[in-house]
Amino acid sequence: FNQLLKLTLIGNFFSLASFGSLGGDAARIVLLNREIPKRKIAIAMAVMMDHLSGLVAMALMFFLLTVGRFQELGEQSVLGKGALHFTAVYLGGGMLLFLIGFVIMSPLVHGRVHRGGRWIRWEFMRALPEAWDRYRRKWKHALAGVGVSCVMLASYYLTFWAGARAVGCDVSVGTMFAAMPVIDGISTIPVSVSGLGVREKLFEVLLADLAGIAGAVAVSASLAGFFLHVGWSLIGAFLFFRGKGSVTVREIRESKV
């Protein structure tokens, strides 16, 4: 757990200066692959499943908490409606692809594809479905991962609520939880560095729609929550640069992963 915690914090640091979370994913994969080179597919799958479990958790929060809250609005801005519809398609499609993946990667399907030695030249084509199918067979662990992701997302959303209250934005927890799945889902798309600009605009639009909060106050709330997140990234920077990452790498080597 200690190694994974440090890798997560280091990943947060690299995500801070990259588009979406691409930098953080690359850092985690590289650090692990340096010391466990024979498990490249397993490492890549673990990082991907980390994202997918977070996607499922975000989709659950969106469809349970967000959709109904926006449906209660008598009026809504054009941009707010567009963001809501885009998020519904994005998260709904993501969950559908998640389920289709388990079907395609199941032994019943990929066993037929590889029957007779087909694709034998590409080990990756055979190993990837086997790695993916492990999550189907270990479904209790995968489900637990989704549950943990729900708790982590709730904590992340509460961070922005606390930041909003700190700058005098009188927004309720319910309003923040209704807006954040849309904001978080769109701002993680790799179109800007660390989601800056996209997040602030969505805060401005959605908090105005949901609670009539002034745009300047909503933007301040977004930046306050973001800078609280930066604090964790700086801890990751310290862990990475302390001895040029040697501590993290040594602990990975000594672990029994």
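Select Ala 144 to begin: this residue is partly exposed, because its relative accessible area is 43%. Here, buried means under 20% relative accessible area, exposed means over 50%, and partly exposed lies in between (1.4 Å probe, protein chains only). The model is a predicted one, in which local features need pLDDT of at least 70 and side-chain atom pairs count only at pLDDT 80 or more, while totals for chains, interfaces and linings use all residues. Residues are numbered from 1 along each chain as its sequence is written, and side-chain values use heavy atoms, with hydrogens and water left out.

**Helix α7**

Ala 144 belongs to helix α7, residues 139-166. Helices (H or I, at least four residues) and strands (E, at least two) are DSSP runs, numbered from the N terminus. Add Ser 53 to the selection: Ser 53 and Ala 144 are separated by 91 residues in sequence, and their C-alpha atoms are 9.3 Å apart in space.

Now select the whole of α7. Its 28 residues reach 41 Å from first C-alpha to last, close to the 40 Å expected at 1.5 Å a residue; the expected span is 1.5 Å times one less than the number of residues. Colour the buried positions of α7, which are Val 146, Ser 149, Leu 153, Ala 154, Tyr 157, Phe 160, Gly 163 and Ala 164. These buried residues pack against α3 (40-71), α8 (173-187), α9 and α10. After α7 comes Gly 168, with a positive phi near 85°.

**Where α7 meets α8**

Two packed helices are described by the angle between their axes and the distance between the axes. For α7 and α8, the angle is about 115° and the axes are 9 Å apart. Axes are lines fitted to C-alpha atoms, for helices over the stretch in contact, and angles run from 0 to 180 degrees between N-to-C directions. The crossing of α7 and α8 is right-handed; a crossing is left-handed if the near helix is turned anticlockwise from the far one by less than a right angle, and right-handed if clockwise.

To see this contact (heavy atoms within 4.5 Å), select residues of α7 including Leu 153, Tyr 157 and Trp 161, together with residues of α8 including Val 173, Phe 177 and Asp 184. By class, the contact of α7 with α8 has 13 nonpolar residues, no polar residues and one charged residue. Ala, Val, Leu, Ile, Met, Phe, Trp, Tyr, Cys and Pro count as nonpolar, Asp, Glu, Lys and Arg as charged, and the others, Gly among them, as polar.

**Ser 222 and helix α10**

Move next to Ser 222 in helix α10, residues 215-241. Ser 222 counts as buried because its relative accessible area is 0%. Leaving aside neighbours within four places in sequence, Ser 222 is in contact with Phe 160, Arg 199, Glu 200 and Phe 203.

Two of these partners deserve a selection of their own. Arg 199 and Glu 200 are joined through their side chains by a salt bridge, 3.8 Å from N to O. A salt bridge is a side-chain nitrogen of Lys or Arg within 4 Å of a carboxyl oxygen of Asp or Glu. Both Arg 199 and Glu 200 are buried.

**Further salt bridges**

How many salt bridges does a search of the whole structure find? The search finds seven. Select Lys 201 and Glu 204 in helix α9 (residues 198-211), which lie three residues apart, about one turn of the helix. Their closest N and O atoms are 3.9 Å apart. Glu 204 counts as partly exposed because its relative accessibility is 29%, and Lys 201 is likewise partly exposed, at 42%.

Then select Asp 25 and Arg 28 in helix α2, residues 22-35. The closest N and O atoms of this salt bridge are 2.8 Å apart, and both residues are buried. Add Asp 50, which is linked with Asp 25 and Arg 28 in a network of salt bridges.

**Helix α1 across α10**

Select α1 (residues 2-16) with α10: their axes come within 7 Å and cross at roughly 115°. This crossing is left-handed. The residues of the contact divide into 13 nonpolar, four polar and one charged. Within α1, the buried residues are Lys 6, Leu 7, Leu 9, Ile 10, Gly 11 and Ser 15.

**The whole chain**

Finally, show the full chain, with its eleven helices and zero strands. Of its 257 residues, 42% count as buried. Among contacts with a separation of 6 or more, 71% are between residues 24 or more positions apart.
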